[in-house]
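Biologist: Got a minute to walk me through this model? I'd like to start with one odd spot and then zoom out.

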Amino acid sequence: MGAGVAGLTAAADLARRGADVTILERAASHGGKMRHVMVDGRGIDGGPTVFTMRWIFEGLFADAGESLSDHLGVYSTNVLARHAWRAGGRLDLFADIEASVQAIGDFAGAADARGYREFCARAAAIYRTLEGSFIGAEKPSQLDLVRRVGLSRLGELWRTAPFRSMWSALGDHFSDPRLRQLFGRYATYVGASPWFAPATLMLVAHVEQDGVWLVRGGMRAVADALRGLAERQGASLRCGADVTRIIIEGGRAKGVELANGERLMADAVLFNGDAAALPSLGAPGPKPAQRSLSAITWCVNAPTSGFDLAHHNVFFAEDYAEEFRAIFNRREVTAAPTIYICAQDRGLQPPPPGTPERLLLLINAPADGDSRDFNASDYIERTHSLLASCGLHIGEGSAVATTPSGFDALFPTTGGALYGMASHGATATLRRSGARGKIPGLYLAGGSVHPGPGVPMAAMSGRLAAARLLEDAAGRSTSVGFAPGRHSR
Ligand SMILES: Cc1cc2nc3c(=O)[nH]c(=O)nc-3n(C[C@H](O)[C@H](O)[C@H](O)COP(=O)(O)OP(=O)(O)OC[C@H]3O[C@@H](n4cnc5c(N)ncnc54)[C@H](O)[C@@H]3O)c2cc1C
């Protein structure tokens, strides 16, 4: 149930291996968080915008005897992201490390440029240690992780630095606080604060360095490609099918009941919503945990001027610590939030000056959408004024806002948390649910379960859940690993 990235991916794998798969999706369309919001008749990506780890999708399609490139057009970009500070300074990060070293040297001096080179090497090493042992493998316990990495490589595991905060570890490499801010922002990719996220999450920097892809037709095209694959393999999709209860008989998941009272029985149920929603569906779920970040977003169709936007842009206020204190301690949106803008029409060619372009604006917010409402218009002025202080003016146009309450309505029982539980502390990532639910016949996939949030991770979780389900159905255990160039059959 659920036609998010993980649900569609799992359905493709299951159907390919001969299972009779029906995907039940409560929304009117597939994709989940990977949604298109219509503004002035134009579809604007209102969810994920950064597409990485393309190899996971290539592997999924290759295992089905297809080629991803036949179904999804992607192209690379030199500029990974453009950053600007209200207090002054602009910095581009490039796909080419040497170009970024040069830019960081010009921006903050030779020591920080050297620090960046070391930081890249450290992020790559963390990624290499965890790729096969954690990211592409079944959820490990702490002991499993040690075993998988191997006793001879314990030093490498230690150097993934789970016991240090990301913010503290970034201080090893950067003296300019703006660079700490820029790279600390990677914690927010999993909905965490850089002050509480483990330094391990520096690996996100390596994932980006390894390739950020722009998708022809926007990220929505990824959801379409996954849906197409699942359907070609034989899965069927029913939208508008809201599951209100997981039917449990004799301690086993036996089917689901829909809001209209319809009951569908099945050999297994795979749940793609947030694992925190399981108790509301009558099934055992994980222990309640601190929620990850939510957001206030605006999908905008308007002309811009004064700042040469790249595809991905970040505008920073000075006090980054205050932003996360406000969210996680006081449950507020800070007065001067960091603003992310995806300028979706900026890729190979910028739109002609003065013409409306499609933008996603995002500021972080607490995931309290189920207990209080945030009025997006209370935040739009301060957002525009911060952008103006960086030189960017957004002209007259149309916008559709989504608040934490809006996200909670789309993804029930989450409060609008967009990344499952917060990845705070050394062991949070190991406390996420695995592919097997707490009762037989129930399987879990999605950004709230192992290996975690983000489009490629959710896809990986879908593959892991499908593999576990098939393994249990066959009554035998098989080892499944997904890594670049190594696809399952
Ligand atoms: C604004 C925003 C920006 C993001 N930016 C990025 C980014 O740049 N890069 C990146 O990699 N990731 C990003 N993410 C995170 C990424 O989008 C998610 O981690 C990923 O898409 C989650 O996929 P999922 O498989 O967990 O499914 P979800 O997208 O959570 O979808 C779950 C589906 O299950 C359905 N469902 C739930 N309960 C039921 C039920 N009871 N009955 C029937 N259907 C049900 C829902 O309607 C939904 O369609 C972003 C997310 C958001 C919201």
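**Met 53 and beyond**

Modeller: Met 53 is buried, with a relative accessible area of 6%; buried here means under 20% relative accessible area, exposed means over 50%, and partly exposed is in between, with a 1.4 Å probe and protein chains only.

Biologist: What does phi look like at Met 53?

Modeller: Phi is near 50 degrees, a positive value in a residue other than glycine. Before we go on, this is a predicted model, so local features need pLDDT of at least 70 and side-chain atom pairs count only at pLDDT 80 or more, while totals for chains, interfaces and linings use all residues. Residues are numbered from 1 along each chain as its sequence is written, and side-chain values use heavy atoms, with hydrogens and water left out.

Biologist: Fine. Where is Met 53 placed?

Modeller: In the loop between S3 and H2. Helices (H or I, at least four residues) and strands (E, at least two) are DSSP runs, numbered from the N terminus.

Biologist: Take H2 then. How many of its residues are buried?

Modeller: H2 covers residues 54–63, and 7 of its 10 residues are buried, which makes the helix mostly covered. The buried ones are Trp 55, Ile 56, Phe 57, Gly 59, Leu 60, Phe 61 and Asp 63.

Biologist: What covers them?

Modeller: The cover includes helix H1 (5–16), helix H4 (110–135), helix H10 (220–232) and helix H15 (455–474).

Biologist: And which residue with a positive phi follows H2?

Modeller: That's Gly 65, with phi near 75 degrees.

Biologist: Back to the other side of that loop. How do S2 and S3 pair?

Modeller: S2 pairs with S3 (residues 42–45) in the antiparallel sense, over 4 bridges. For two strands to count as paired, DSSP has to find at least two bridges between them. His 36 stands opposite Asp 45 in S3. The hairpin has 2 residues between the strands, and Asp 40 takes a positive phi there, near 50 degrees.

Biologist: Which side chains of S2 are buried?

Modeller: S2 runs over residues 36–39 and its side chains alternate. Val 37 and Val 39 point to one face and are buried, whereas His 36 and Met 38 point to the other and are not.

Biologist: There's a hairpin at S9 and S10 too. What's the pairing there?

Modeller: Strand S9 (residues 243–249) and strand S10 (residues 252–258) pair in the antiparallel sense over 6 bridges. Ile 246 stands opposite Val 256 in S10. This hairpin has 2 residues between the strands, and Gly 250 has a positive phi near 60 degrees.

Biologist: Jumping to Val 215: buried or exposed?

Modeller: Val 215 counts as buried, at 11% relative accessibility. Its place is in strand S7 (residues 213–215).

Biologist: What is Val 215 in contact with?

Modeller: Leaving aside neighbours within four places in sequence, Val 215 is in contact with Phe 51, Leu 72, Gly 73, Val 74, Ala 221 and Val 222. A contact means heavy atoms within 4.5 Å.

Biologist: Which peptide bond is cis around Pro 451?

Modeller: The one from His 450 to Pro 451, with omega near 5 degrees. Pro 451 sits in the loop between strand S20 (442–444) and H15.

Biologist: And what about phi at Arg 331?

Modeller: Positive, about 60 degrees, although Arg 331 is not a glycine. Arg 331 lies in the loop between helix H11 (320–328) and strand S16 (339–343). At 25% relative accessibility, Arg 331 counts as partly exposed.

Biologist: Okay, zoom out. How many helices and strands are there?

Modeller: The protein has 15 helices and 20 strands. Buried residues make up 58% of the 489 residues.

Biologist: How does the radius of gyration look against a compact globule?

Modeller: With 489 residues, a compact globule would be near 23 Å, and the protein has 22 Å, which agrees. The radius is taken over C-alpha atoms, and the globule rule is 2.2 Å times the number of residues to the power 0.38. Along its principal axes, the C-alpha trace spans about 65 × 55 × 45 Å.

Biologist: Last one: what share of the contacts join residues at least 24 apart?

Modeller: 72%, among contacts between residues at least 6 apart in sequence.
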